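Let's take a walk through this model together, going from the chains down to the strands and helices. Please have the sequence and the 3D view open as you read.

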Amino acid sequence: MEKFVVSSAPFVHSKNDLNKMFLFTAIALVLPAIFSVLYFGLNAFIIIAVSLVTCLLSECLFNLIKLKKFKVDNFSFFVTGLILALSMPYKAPFYIVIACGFFSVFIVKFALGGLGINKFNPANTGRCFAGIILAGFSGEFYKTIINGEELTSLATGGTNTLTNLFSGQAVGGIGTTCIIVLLICLVFLIYTRVIDYKLPLFAILSYFVVQVVLVGLEPAMMNMLSGSFLFACIFIITDPNTSPNTLPGKFVYAVLFGGLSALLWKIGSLGENTIFVVALFVNMLVPFMDKYFVWKPLNFGGYRNAHKK
Amino acid sequence: MRLINLRGIKAPKIKATTGTDITPLRPVEFYNVPLKLKNVSESEPVVRVGDSVKQGTLIAKPVGNFGLNIYSPVSGKILNIFSKMNAGGEYCKHILVMNDNKDEVEDLPQIDSISDVTLISRLRDAGIIDTVSQMPSYLKYAYVGARSYKTLIVLMDSTDPNNSINQTLAEYKMEEVVNGAKYFMNITNAQFITFVFTENNYKLAAKLKKHIAESKKRYDFKIKFIPNKYPFDNPYILASLVCKKKINKNLSFLDAGITIENAETCYNFCRAVEFNKPVTNKVVTVDGDNVTRKGNYFVPNGASYQNILEFVGVEDIKAPSRLIDGSIMSGNAQFNEDISISFMTNTILVLKFDELTDSKEYPCISCGKCSSVCPVFLNPQAIERTYLSEEIEDFNRLRGHSCIDCGCCSYVCPARRHLSQRISAGKFYFKKDKGEK
């Protein structure tokens, strides 16, 4: 024996790696991106390309200011950029995409702490920023997003039929229109253990229950599968950093998300923004849930009631 | 709704050491017998340099009431009594015995009659150590009234990724193990023995049932299965799994009436009672991807790691590797192979150096995987944060002191945070701070 390496236990780690998680999420996002380009053509391609380049440059810019190095750390810019692009309607002008890409990555992600410390989901916050604040800058964008020429609001029924949902002609952002593609992503991410299956499960179930109460069984089944809701269930609320840590917290978070989005879709006037605004709202409650909706630890020989002294 | 069965992790590496009988280690020339073990106080030598001893001669006695009798592993001559580092990293007295290859054996006196008093004194005299609670076995029964134990759990298996001592003993020395368990039942107030197996050992359990059915003396026993997940053979978790009792500061094992023994202690106890043999050997599992002949070995007390490695063979000698005393999840890395093994050593691992395990630490992304596997329902990443910012009150509020050091959180962490290491450090340092106040 020449020499022994000394380190502390455990000496083995699971194969799940942070970079691998980003990579798998990116792979899962590429599929709806390809589909959107096939279906919407050049418009979708411009949105995706602009969004990715903006996110990449924003991260590099931040690193240049902070670390004096022009570089990126990992795939996270790719994930943020694609989620942002895929949730945009296909008539979104490129300057709005640039503005909210910069807002997402530079301000929400890096200026508020960076990877793992930011309290808000960058892509979702950027989407809300675009849908609420920037929507007024472009009349066409505003129309698609709130009133909707192609985007008929789901609550009023209309263009959503079962064949439309599966062939990709449903309403929603460019990446959210084909259910089959999204379901494949969901299965892939659950299989690779990147996301926790409980979050989409609880969210979809609660959404379904509230929809049944509000509009009846058949429209509820249609609405559950369509639009941005499934996309948000797969890619937005499952973001590890902005979702609760423990099972009770996850349950409350997902049920609140599903129930509120169903309710606001019916009675609110936010249109296509509903899902993302609700996701932002439940996102704000996560620190609170992490503190109060947790398991009570077993007390194995510890200090009993030490905090009360 | 809180299910402990869903916690823990699947063992990362399948035990490669089961299925073969225990091999005795080839005799070597020198044995360095350590007189201090992990939690046990140091014993005092009763021999002098130059004395000749037989295998089984008492060479060290406890100073107070809380020590361990230590017996010579071989017949030979005492060469030296000196201070040296033991496997726990502490300096303590060692007795250097030189082997004269005469194989003279000295036994304990014959036991008069089997009663609880004689059995407990035999536990003490034979120097039997309990590797579950890591203290001399008689301390559990001698001073506190062994009759207050109503549940006797015998671990016939371990959920540890490497340790296969109990399975192997249960498979190849079943008669001794079962008889030892019977003697423990005589000591305690238990009406029956609860044998605990993991879920992949149904065959062994069936064999045990058959064995007891064929034996002349019939007695009551139960067989329980626990999930084959890693820290479930921890005594605290075993108590809550098997007996549905939560052991904590206000409810000790004694209050709950639970005593947990494993197959190895039963085997040693049986040999001490029936054959009058003191404990001079330890069964050790040698495992790891750099070992040629993996398996279980009878290792005399005081043999060094080097003796064992020479006997089992190491594949790649020149490459940097790890030598670990303990399992892959919770062992101690050793820097020196010239250290004696002791009765606390269950497993010795020789691993090839793996880049992955020393990779860079990323920021925590709060994914919650650590809290989803913690068998104590802690929130490791929150506790780690309180350790790093030295918030002692928050560390106590989140019950950082309840951590059982299983290492599951560090194992699953995708960001490779050193969670369990930091919580252990917090347990150590923050306790000290509390004492000063």
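How many residues of chain A are in contact with how many residues of chain B? In this predicted model, 38 residues of chain A are in contact with 55 residues of chain B. The side of chain A that touches chain B is made up of 20 nonpolar, 13 polar and five charged residues.

**Domains of chain B**

The domain assignment splits chain B into domain 1 (23-107 + 279-352), domain 2 (116-274) and domain 3 (359-436). Between domain 1 and domain 2 of chain B, the C-alpha centres are 25 Å apart. Here 21 residues of domain 1 of chain B are in contact with 21 residues of domain 2 of chain B. On the domain 1 side of this contact, the elements giving two or more residues are E6, strand E15 (281-287) and strand E19 (347-352) of chain B. E15(B) gives the most to that side, with three residues. Sorted by class, the side of domain 1 of chain B that touches domain 2 of chain B holds twelve nonpolar, seven polar and two charged residues.

**Two open sheets in chain B**

Let's turn to the strands. One open sheet has three strands in the order E3-E5-E6 (chain B), paired in the antiparallel sense. Strand E3 (43-45) and strand E6 (70-71) of chain B each have a single partner strand, so one side of each is left without a neighbour in the sheet. Three bridges link E3(B) to strand E5 (residues 58-62) of chain B, again antiparallel. Look for B:Ser43, whose bridge partner in E5(B) is B:Pro62.

Another open sheet has four strands in the order E13-E12-E11-E14 (chain B), and its pairing is parallel. At its edges are strand E13 (221-226) and strand E14 (258-262) of chain B, each pairing on one side only. On average, neighbouring strands of this sheet are turned by 25 degrees against each other, direction ignored. Within it, strand E11 (residues 151-155) and strand E12 (residues 193-198) of chain B run parallel and are joined by four bridges; B:Ile153 has B:Thr194 as its bridge partner in E12(B). Helix H3 (residues 174-187) of chain B lies across E11, E12 and E14 of chain B, at about 160 degrees to E11(B).

**Two helix pairs**

H3(B) also meets a helix, and a pair in chain A can be set beside it.

| Helix pair | Angle | Axes |
|---|---|---|
| H4 (94-111) and H5 (122-133) of chain A | about 140 degrees | 8 Å apart |
| H3 and H7 (263-274) of chain B | roughly 85 degrees | within 7 Å |

Why is H3(B) called roughly perpendicular to H7(B)? Their axes cross at roughly 85 degrees, and angles of 65 to 115 degrees count as roughly perpendicular. Among the residues of H3(B) in this contact are B:Val177, B:Tyr183 and B:Phe184, while H7(B) brings residues including B:Cys266, B:Phe269 and B:Cys270. The contact of H3(B) with H7(B) comprises ten nonpolar, two polar and three charged residues.

In chain A, H4(A) passes H5(A) in a right-handed crossing. The H4(A) residues making the contact include A:Ile96, A:Phe103 and A:Val108, and those of H5(A) include A:Pro122, A:Phe129 and A:Ala130. By class, the contact of H4(A) with H5(A) has nine nonpolar, four polar and two charged residues.

Key. Residues are numbered from 1 along each chain as its sequence is written. Chains are lettered from A and ligands numbered from 1 in the order in which they are written. This is a predicted model: local features need pLDDT of at least 70, side-chain atom pairs count only at pLDDT 80 or more; totals for chains, interfaces and linings use all residues. Two strands pair if DSSP finds at least two bridges between them. Axes are lines fitted to C-alpha atoms, for helices over the stretch in contact, and angles run from 0 to 180 degrees between N-to-C directions. A crossing is left-handed if the near helix is turned anticlockwise from the far one by less than a right angle, and right-handed if clockwise. Two residues are in contact if their C-beta atoms, placed from the backbone, lie within 7 Å. Ala, Val, Leu, Ile, Met, Phe, Trp, Tyr, Cys and Pro count as nonpolar, Asp, Glu, Lys and Arg as charged, and the others, Gly among them, as polar. Domain bounds come from an automatic or database domain assignment.
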